[in-house]
Amino acid sequence: NPGFCSIYIEKDVYLNKYPGIVIKTEIASLFHKIKEEIEDIYRDYKDKTMDVTIDKNFEDNRYYFLREVNINSLLFMPLCQDGNMYGLLIVGDRKESSFDDNISFYEAIISQLNIAVKNTQIYNKIENMARKDGLTGINNRTYFNVLYADALDETIHNDKNISVALLDIDFFKNVNDTYGHLMGDEVIKAIALIIEDISQEYGGFVCRYGGEEFVIVLPGMNAETSLPIMENIHDTIKTSIIEYDGISIQVDVSIGLSSYPELCKEPLELLKRADWSMYYSKDHGRGCITVDNDKVIE
């Protein structure tokens, strides 16, 4: 058996949000050290070469820690698709000539890895098409219903908080009528990107709920903690400049926010209360945030 075997795969190769790292070794001191170094090793390797490399000299001081545990030869094999490198297999052995005669064994491993990654990409692409809104790339309403049901179930069973906000683009029909539907699409995509980026920072998820309407869910958040997030989203949207075909515009939104169990005692009514709060915003000047209260009615 080799002294160690490790695989590094870049993030976003198969919808993985973080780099994929697998390390196998019986040398206890190696695991954490390889994990610390492998991303930098990969970056350097990708910049310099994409060829299979057998290293017996360890001229790079980066590998001093391997000498300390008597690793005397290294094998680097890139993972590539369509001429683009997306990962790296690194194997280390105590024998200096360990890889001179068995490259074909590792080539077979690389081939199987490439097939597995490709199949995962195809599967994830199909899954993604079923779950994501075609225009914005955020969750569609069908998949949102699944996520939301799971989030509510966890909230109830673990006695946690959860906040829900609905957001609607103000005077969106005027955007379409004045600048055309392609500009309208750009507005929707821009807002979707803003709400997803900010919500994900706080462990939330979003969906396109209707034409120009969006839902934001913040598990574990009460009204006090979620309101500043909504204010950040609102400020970011209304100060953003959206451009298309030489035209630049700005838009505003109306937001309604509710929270269980603080503001809404019945979890199955939470989405409805957020919707009523949003329409309260629209009926009282637009371009504002309404937090669920006794004045909010259907």
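**Figure 1. Aspartate 82 sits in the loop between β4 (73-81) and β5 (84-93).** The model shown here and in the views below is predicted. Aspartate 82 has a relative accessible area of 72%. That value is over 50%, so aspartate 82 is classed as exposed. Glycine 92 lies 10 residues away from aspartate 82 in sequence. In space, the two C-alpha atoms are 27 Å apart.

**Figure 2. Aspartate 292 is a buried residue in the segment after β12.** Its relative accessibility is 4%. The cut-off for buried is under 20%, and therefore aspartate 292 qualifies. Two polar contacts involve the aspartate 292 side chain. One, of 2.7 Å, joins it to the side chain of serine 258. The other runs to the side chain of arginine 273, also at 2.7 Å. Neighbours within four places in sequence are left aside in the contact list. That list holds Leu257, Ser258, Leu263, Cys264, Arg273 and Ser277. Ser258 and Arg273 thus appear both as contacts and as polar partners of aspartate 292.

**Figure 3. Helix α7 spans residues 223-239.** The helix has 17 residues. From its first C-alpha to its last, α7 reaches 24 Å. This is close to the 24 Å expected at 1.5 Å a residue. At the start of α7, asparagine 222 places a side-chain oxygen within 3.1 Å of the backbone nitrogen of glutamate 224.

**Figure 4. Helix α7 has a buried side and exposed residues opposite.** Which residues of α7 are buried? They are Ala223, Ser226, Ile229, Met230, Ile233, His234 and Ile237. These residues lie on the same side of α7 because they cover an arc of only 140° around the axis. Glu224 and Thr239, on the other side of the helix, are exposed. What do the buried residues of α7 pack against? Their partners are the strands β6 (162-169), β8 (213-219), β11 (253-260) and β12 (289-291), together with helix α6 (181-201).

**Figure 5. The largest pocket has a volume of about 560 Å³.** Its lining is made up of 19 residues. Lys17, Asn128, Lys132, Asn139 and Gln200 lie nearest the centre of the pocket. Four elements each supply at least two lining residues: α3 (103-131), α4 (141-157), α6 and β7 (205-208). Helix α3 gives the largest share, with four residues. Helix α6 therefore features in two views: it contributes to this lining, and the buried residues of α7 pack against it.

**Figure 6. The largest cavity holds about 70 Å³ of space.** How many cavities of 30 Å³ or more are there? The count is one. Residues lining the largest cavity are Phe4, Ser6, Ile34, Glu37, Ile38, Ile41, Tyr63, Phe65, Leu66, Leu74 and Ile90. At least two residues each come from β1 (4-9), α1 (28-48) and α2 (64-67). The largest share, four residues, is from α1.

**Figure 7. A cis peptide bond links tyrosine 260 to proline 261.** Omega of this bond is near 0°. Most peptide bonds are trans. Proline 261 lies in the loop between β11 and α8 (270-283).

**Figure 8. Asparagine 70 and aspartate 245 have positive phi values.** Most residues other than glycine have a negative phi. Phi of asparagine 70 is near 65°. This residue is in the loop between α2 and β4. Asparagine 70 is partly exposed, at 42% relative accessible area. For aspartate 245, phi is about 55°. Aspartate 245 belongs to the loop between β9 (242-244) and β10 (247-249). Is aspartate 245 buried or exposed? Its relative accessibility is 68%, so aspartate 245 counts as exposed.

**Figure 9. Glycine 211 lies in the loop between β7 and β8.** Glycine 211 has a relative accessible area of 39% and is partly exposed. Phenylalanine 172 is 39 residues from glycine 211 along the chain. The C-alpha atoms of the two residues are separated by 9.6 Å. Of the strands flanking this loop, β7 supplies residues to the lining of the largest pocket, while β8 packs against the buried residues of α7.

Conventions
Residues are numbered from 1 along each chain as its sequence is written. This is a predicted model: local features need pLDDT of at least 70, side-chain atom pairs count only at pLDDT 80 or more; totals for chains, interfaces and linings use all residues. Side-chain values use heavy atoms; hydrogens and water are left out. The expected span of a helix is 1.5 Å times one less than its number of residues. Buried means under 20% relative accessible area, exposed over 50%, partly exposed in between (1.4 Å probe, protein chains only). The arc is that of the directions from the helix axis to the C-beta atoms. Contact means heavy atoms within 4.5 Å. A polar contact is a pair of N or O atoms within 3.5 Å; within protein, one must be able to donate a hydrogen and the other to accept it, and residues adjacent in sequence count only if both atoms are side-chain atoms. On a 1 Å grid over the protein atoms alone, a cavity is a set of points where a 1.4 Å probe fits but cannot get out, and a pocket is an open set with protein on both sides within 12 Å along at least five of seven lines; lining residues have an atom within 4 Å of a point. Grid points are joined across faces, edges and corners, and a volume is the space filled by probe spheres set on the points.
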